[in-house]
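Biologist: Could you take me through the salt bridges in this protein, one part at a time? I would love a close look at how the charged side chains pair up and where they sit.

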Amino acid sequence: MLPENQPIGVDQCNCFTVRKAARQISRLYDAYLQPSGLRITQFLILATLNEQQSASINALAERLDIERTAMGKMVGFLERDSFVKMRPSPTDGRIRIVELTPEGADLFERAAPLWLEAQRQFSIMNGPKNVAVLRRSLSKMKVDDGATSSAE
C-alpha cells in the first residue's frame, strides 16, 4: 500500500512506459508509410500474408497479437479496398481465409521500401545494438502469471 499523499508514479509504471514507446514508434512508422496510404498495422497484415500466402482471421490475430474482432475489422477495410480477398476454408466453411490480391501484393511491394527506411531510421536514432537488445529483451518479457486470466 502506498503511503498517504504519495503519487502513484505513472512514469515508473512499466505498462505506461512500454505503451508510450509503442505509440511513438508506431507514429514514426506511420509517417514513413504515409506515401503508401498504409498504417503500420495494415502493413504488417500485408507483410504476414506476403510471407504465408494466406491465413485465417484468427491466425492473423494471433500472429500479430491483435484482438480477433479488431483484426476482422482491419481485414474488412483491406478487402473493401481490394487489397485482400476472403474465401471459406476448404476444410471448415465457418473459417474465412484471407489472401493478398494482386493489388495488395503491389501495394506491399511499394510500401516495403518505406518500411525498410523506417527500420533504418529507428536504428540510426537508437543505435543498432540498442535496437537489437530492445527487440530481444521485449520478446523475452514474461507477463502471464495467471493474473490476466483471473482478471478477465
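Modeller: Happy to; here is a walk through the salt bridges, with a short look at what lies around them. Please keep in mind that this is a predicted model. The structure holds six salt bridges, and a good place to start is E99, which shares a network of salt bridges with K85 and R87.

Take R87 and E99 to begin with: their closest N and O atoms are 2.9 Å apart. R87 lies in strand β2 and E99 in strand β3, so this pair ties together parts that are twelve residues apart in sequence. E99 also forms a salt bridge with K85, where the closest N and O atoms are 3.9 Å apart. That pair, too, links distant parts of the chain, with K85 in β2 (residues 84-88) and E99 in β3 (residues 96-100), 14 residues apart.

How covered are these residues? E99 counts as buried because its relative accessibility is 16%, under the 20% cut-off. K85 is partly exposed at 43%, and R87 is partly exposed at 31%.

From K85 you can also look across to P102, 17 residues away along the chain, with 10 Å between the C-alpha atoms. P102 belongs to helix α5 (residues 102-126) and is exposed, at 63% relative accessibility.

Elsewhere, R39 pairs with D30, with 3.1 Å between the closest N and O atoms. Here R39 is exposed at 51%, whereas D30 is buried at 14%.

Key
Residues are numbered from 1 along each chain as its sequence is written. This is a predicted model: local features need pLDDT of at least 70, side-chain atom pairs count only at pLDDT 80 or more; totals for chains, interfaces and linings use all residues. Side-chain values use heavy atoms; hydrogens and water are left out. Helices (H or I, at least four residues) and strands (E, at least two) are DSSP runs, numbered from the N terminus. Buried means under 20% relative accessible area, exposed over 50%, partly exposed in between (1.4 Å probe, protein chains only). A salt bridge is a side-chain nitrogen of Lys or Arg within 4 Å of a carboxyl oxygen of Asp or Glu.
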